[in-house]
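This report introduces a protein structure to a reader who has not met it before. It goes through the core, the strands, the charged pairs and the aromatic rings in turn.

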Amino acid sequence: YTRFDITTKQMVLHMQDFNAPVHVISEQAGFSLIDTDILRGTYDIDVTSGPVYIEADTILNDITANVNNGPLNVCFNKEPVNLYLDTTNCGPGWVERPADWPAVYRVGNETPKLILSNYGPATIEVADK
């Protein structure tokens, strides 16, 4: 595939990593991307109202997630060794992240890029395994 577009109005969408660029538009629902490794697809996610949940051991490709009204959760199952994470456009004062991670967190070669914005609570965590 060269590009995959998904539009949903009231159905929550759950998916694993897809072998193409993916553009998701979700109205009055939510979106979750859960896989061991996110390494084949790049993701552009726009949610009007509802939660966005992303979980992986390793994220190797770019993700942009915009949630107009709802929570945004990103869970790394392992400490990332390469990452550029920007949470500067997340809900005012509602961002929880590891204590030593600033709003723009850079580590390693600063890829992939995760650009997150939402109005609502945002949680960035590294799972304790």
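## Core and strands

In this predicted model, the largest nonpolar core consists of 31 residues, and those with the most contacts inside it are I45, I54, I63 and F76. Leaving aside neighbours within four places in sequence, F76 is in contact with A56, I59, L83, W101, L114, I124, E125, V126 and A127.

Two of the residues named so far, I54 and A56, belong to strand 7, which covers residues 52-56 and has a covered face made of V52, I54 and A56, while Y53 and E55 make up the uncovered one. Strand 7 pairs with strand 4 in the parallel sense, over 4 bridges, and in this pairing S32 stands opposite Y53 of strand 7. Strand 7 is also joined to strand 10, residues 72-76, by 5 bridges, and these two strands likewise run parallel. Within strand 10, L72 is the bridge partner of V52.

## Charged pairs

Side chains of opposite charge can pair when their charged atoms come close. The count of salt bridges in this model comes to 4, and the table lists some of them.

| Salt bridge | Closest N to O |
|---|---|
| K9 and E27 | 3.8 Å |
| R40 and D17 | 3.6 Å |
| R106 and E110 | 3.6 Å |

In the salt bridge between K9 and E27, the closest N and O atoms are 3.8 Å apart. This pair links distant parts of the chain, since K9 sits in the loop between strand 1 (4-8) and strand 2 (13-15), whereas E27 sits in the loop between strand 3 (22-26) and strand 4 (31-34), 18 residues apart. K9 counts as exposed because its relative accessibility is 55%, above the cut-off of 50%, while E27, with a relative accessible area of 31%, is partly exposed.

The side chains of R40 and D17 also meet in a salt bridge, at 3.6 Å from N to O. Here too the pair links distant parts of the chain, with R40 in the loop between strand 5 (37-38) and strand 6 (43-49) and D17 in the loop between strand 2 and strand 3, 23 residues apart. R40 has a relative accessibility of 45% and therefore counts as partly exposed, but D17 is buried, because its relative accessible area of 6% is under 20%.

In the salt bridge between R106 and E110, R106 is partly exposed at 49% relative accessibility, and E110 is partly exposed as well, with a relative accessible area of 30%.

## Aromatic rings

A pair of aromatic rings is described by the distance of the centres and the angle of the planes. A search of the whole structure finds 4 aromatic pairs. In one of them, the rings of W101 and Y105 have their centres 3.9 Å apart and their planes at 5°, so the pair is stacked, the angle being under 30 degrees. Are these two residues buried or exposed? W101 is buried, with a relative accessible area of 4%, and Y105, at 12% relative accessibility, counts as buried too.

F76, already named among the core residues with the most contacts, forms one aromatic cluster together with W101 and Y105. A further ring, that of Y84, has a charged residue over its face, namely K113, at 5.1 Å from the ring centre.

Note on methods
Residues are numbered from 1 along each chain as its sequence is written. This is a predicted model: local features need pLDDT of at least 70, side-chain atom pairs count only at pLDDT 80 or more; totals for chains, interfaces and linings use all residues. Side-chain values use heavy atoms; hydrogens and water are left out. A nonpolar core is a set of buried Ala, Val, Leu, Ile, Met, Phe, Trp, Tyr and Cys residues joined through side-chain atoms within 4.5 Å. Buried means under 20% relative accessible area, exposed over 50%, partly exposed in between (1.4 Å probe, protein chains only). Contact means heavy atoms within 4.5 Å. Rings of Phe, Tyr and Trp (its six-membered ring) pair if their centres lie within 6.5 Å; planes under 30 degrees apart count as stacked, over 60 as edge-to-face and the rest as tilted. A charge sits over a ring if NZ of Lys or CZ of Arg is within 6 Å of the ring centre and within 35 degrees of the ring normal. Two strands pair if DSSP finds at least two bridges between them.
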